[in-house]
There are 2 protein chains.
Amino acid sequence: MNLKQLSHMLSLSQTTVSRALNGYPEVNEETRRRVMDAAKHHGYRPNPSARRLATGKSGMIGYVLPTGAAVDIDPHFVEFLSGLGDYARAHELDLVLSPADADDEETTYRRIVANRQVDAVYISSPRPADKRLALVNTLGIPFIVHGRSEGFDFDYPYLDIDNEGAFHEAARLLIQLGHKRLALINGNERETFAIHRERGVRRALAASGLTLGERHIRSVTMTEENGYRAARRLLEEAEPPTAIVCSSLIMALGVVRAVRDLDRTIPGDLSLVAHDDVFPWLRPENFPVPLSTTRSSIRLAGARVAERLAARISELEEGARGEVWPVDLVVRGSVAGAPG
Amino acid sequence: MNLKQLSHMLSLSQTTVSRALNGYPEVNEETRRRVMDAAKHHGYRPNPSARRLATGKSGMIGYVLPTGAAVDIDPHFVEFLSGLGDYARAHELDLVLSPADADDEETTYRRIVANRQVDAVYISSPRPADKRLALVNTLGIPFIVHGRSEGFDFDYPYLDIDNEGAFHEAARLLIQLGHKRLALINGNERETFAIHRERGVRRALAASGLTLGERHIRSVTMTEENGYRAARRLLEEAEPPTAIVCSSLIMALGVVRAVRDLDRTIPGDLSLVAHDDVFPWLRPENFPVPLSTTRSSIRLAGARVAERLAARISELEEGARGEVWPVDLVVRGSVAGAPG
DNA sequence: CGAAATAGCCAAAGCGCTTTGGAAGTCTCT
DNA sequence: AGAGACTTCCAAAGCGCTTTGGCTATTTCG
């Protein structure tokens, strides 16, 4: 059943039927009713390919997925996706994943924009002066950044959590408990979130006249193994830190293992706080010693990003609105007063 | 630059240019050269929307993503996706994720087929007599199942690993080491892979005149917490199992924690084998006691599924070919002879 | 050598929608 | 009553491809 048939059936022109269905004003209300009813009754659904060709809009949102033999997709991605799906499902919004060579995402961005494959895109894990951001900005496709970048002469719409604030609070708590030697096991130092987190920790330390030693900060990709290695190095020093702030639960698993291997205890010898993106399959309260966390649901962020993308597509949202979510500090058994 | 302009430029008809570009035979080789060169030189790329409308092919593959407040996307998904991307990237194949209400995926499948949004779909985590399978089969869209279903009167194309064989081997090894009380911490019992794994364990036990006690099998969703709970229950029995086979690394984390909490040791009191889908961020060799595993890279499976989907789209692959991959059994420190 | 086959090209008709540029008919106002 | 302003609809022109049917040379073959 296509538009032609439907309009024939109603003895109306395609124009009128199309307009009635799409809510244009120049059609009599009663006519609109008739059309709507007939459409519903016959289960008419406009052909999206045709609509696309005519309007240039696809009704989909896009994400360029960096891939490559040496590239691993962040496990957080799947949770973000859950959230995105939560919103998109209710709005028949589909998501197009365009795999790209991690070393050349630009080609793919250009392709999807030139082809008008998607109406909007989102960008995640941005770095300072991230090229993708500058690119989509000039390409003129609606977008939202999940996270923040820095060092541009233009503003852009984003959704981020207060990474600096969160890690500032975490560090402050530890300092209040008497810890003087803090360490930070951070994510990839080139990503903005990691920079913000480091900033938060440093600021808290500075407020008490303390500093983050050169060797007391590690920036690594977030795997269990990297968490373990980083923790071992830190703890095997002559004057090991008495508290660690860690950028992910997965790395925290490694930290816990390292502490065990070295026959130390949490929180006796070491206090530990980690950031929790809220995975359903790994909960901080179920760590051997319940883990204190800075918590922010990445899933909710996904839903919000989808919502805002939809708003931008329909031009309900405009401009460079930035949104920063506060982060909860949840204190559990893994922190205690500094030893000694 | 569109076809019209290009053909004008070459003083050829759109027909000829189109045919030259798409490799049809009824065009002079020299003409084809000219066309190809001009197309490359001017950076001509056919408009996909137009092509879609004309051919009905979208050049994308689809996946219906079950979502809902209570639905969590399997963390394995992201690794599978990495593999899919590895292949798709090289072929400019995009992936469309269509979020659907987990309780009603049918509507979404019907929509994407009716709208011809994608040329092929894949289905993952199938259950016996899975409705999605019957549905896509009747809808007539090319598809591949990642995993297997059972109980249909038709065959279908799939890619699966030898779950039964893998768990048979794992159980057999443990039995050879003298274990008589095995337990299985399995995934959701309604999914085929879990059924196959259970079958494998039972078969190995039966071969030695042993059985899997009613209380020695747990089917749960794969979270750390569920692994912990299942292990505790098992280990707190009067006659606890001396070996556990576990369906995922994530659950194995919980098992390890439970063993610790009960002051037992691996492999002294308990031997442990788990299935490893090969996550980059959690490696069995890095468990407190290196974990024996049945290993199969879900990422490679993703790449293979993409490859086969592409083949089916271009009709290079047909029929109901099933492909079953063998699984490696990797023995590490977590298994030992039965205690006592 | 004439008929039939083949190679190589083209005009035009889709694909199914949206949107432009009217054209009637109806109201409103002087 | 006639001019102007709405209201309500329509025919037709896109959107940019693919594909059908046909046409003109050129080659092949009995």
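Mentor: Before we begin, a residue counts as buried when its relative accessible area is under 20%, and as exposed when that area is over 50%. Please keep in mind that we are looking at a predicted model.

Trainee: With that in hand, is Tyr122(A) buried or exposed?
Mentor: The cut-off for a buried residue is under 20% relative accessible area. Tyr122(A) has a relative accessible area of 0%, and therefore the word for Tyr122(A) is buried.

Trainee: How many aromatic pairs does the whole structure hold, and what kind of pair do Tyr63(A) and Tyr122(A) make?
Mentor: A search over all chains gives 17 aromatic pairs. In the pair of Tyr63(A) and Tyr122(A), the ring centres are 4.5 Å apart and the planes stand at 15°. Planes under 30 degrees apart count as stacked, so the kind of this pair is stacked.

Trainee: How many residues apart in sequence are the parts that this pair ties together?
Mentor: Tyr63(A) belongs to strand β1, residues 60-67 of chain A, whereas Tyr122(A) belongs to strand β3, residues 120-124 of chain A. Because the two rings sit in these two strands, the pair ties together parts whose separation in sequence is 59 residues.

Trainee: Which residues form one aromatic cluster with Tyr63(A) and Tyr122(A)?
Mentor: Tyr63(A) is itself buried, at a relative accessible area of 6%, and it shares its cluster with Tyr122(A) and two phenylalanines of chain A. Those two are Phe77(A) and Phe80(A).

Trainee: In chain B, what is the arrangement of the pair formed by Phe152(B) and Tyr156(B)?
Mentor: Phe152(B) is partly exposed at 23% relative accessibility, while Tyr156(B) is buried at 8%. Their ring centres lie 6.5 Å apart with 85° between the planes, and the arrangement is edge-to-face.

Trainee: Turning to the DNA, which residues come nearest to DNA strand D?
Mentor: There are 27 residues around DNA strand D, and by class the surface near the strand has 10 nonpolar, 13 polar and four charged residues. Helices α2 and α4 of chain A, together with α2 and α4 of chain B, each supply at least two residues of that surface. Of the 27 residues, the ones that come nearest are Thr15(A), Leu3(B), Ser18(B), Arg19(B) and Tyr24(B).

Trainee: What percentage of the atoms of DNA strand D within 4 Å of the protein belong to sugar or phosphate?
Mentor: Individual contacts involve both kinds of atom, for a polar side-chain atom of Arg19(A) lies 2.8 Å from a base nitrogen of the strand, and a side-chain N or O atom of Thr31(A) lies 2.8 Å from a phosphate oxygen. Asn28(A) instead uses a backbone N or O atom, 2.9 Å from a phosphate oxygen. Of the strand's atoms within 4 Å of the protein, bases hold the rest, and the share of sugar or phosphate is 59%.

Trainee: Which peptide bond of chain A is cis, with omega about 5°?
Mentor: The proline of this bond is placed in the loop between α11 and β9 of chain A. The cis bond, with omega of about 5°, is the one that joins Ile266(A) and Pro267(A).

Trainee: Finally, is Glu315(B) buried or exposed?
Mentor: Glu315(B) lies in the loop between α12 and β11 of chain B, and its phi is near 55°, a positive value in a residue other than glycine. Since its relative accessibility is 60% and exposed means over 50%, the word for Glu315(B) is exposed.

Conventions
Residues numbered from 1 in each chain as written. Chains lettered and ligands numbered in written order. Predicted model: local features only at pLDDT ≥ 70, side-chain atom pairs only at ≥ 80, totals over all residues. Heavy atoms only, no water. Near = heavy atom within 4 Å. Polar contact = N/O pair within 3.5 Å; in protein donor to acceptor, adjacent residues only side chain to side chain. Helix = DSSP H or I, 4+ residues; strand = E, 2+ residues; numbered from the N terminus. Nonpolar A, V, L, I, M, F, W, Y, C, P; charged D, E, K, R; others polar. Phe/Tyr/Trp six-rings, centres within 6.5 Å; stacked < 30°, edge-to-face > 60°. Buried < 20%, exposed > 50% of the residue type's maximum accessible area, 1.4 Å probe, protein only.
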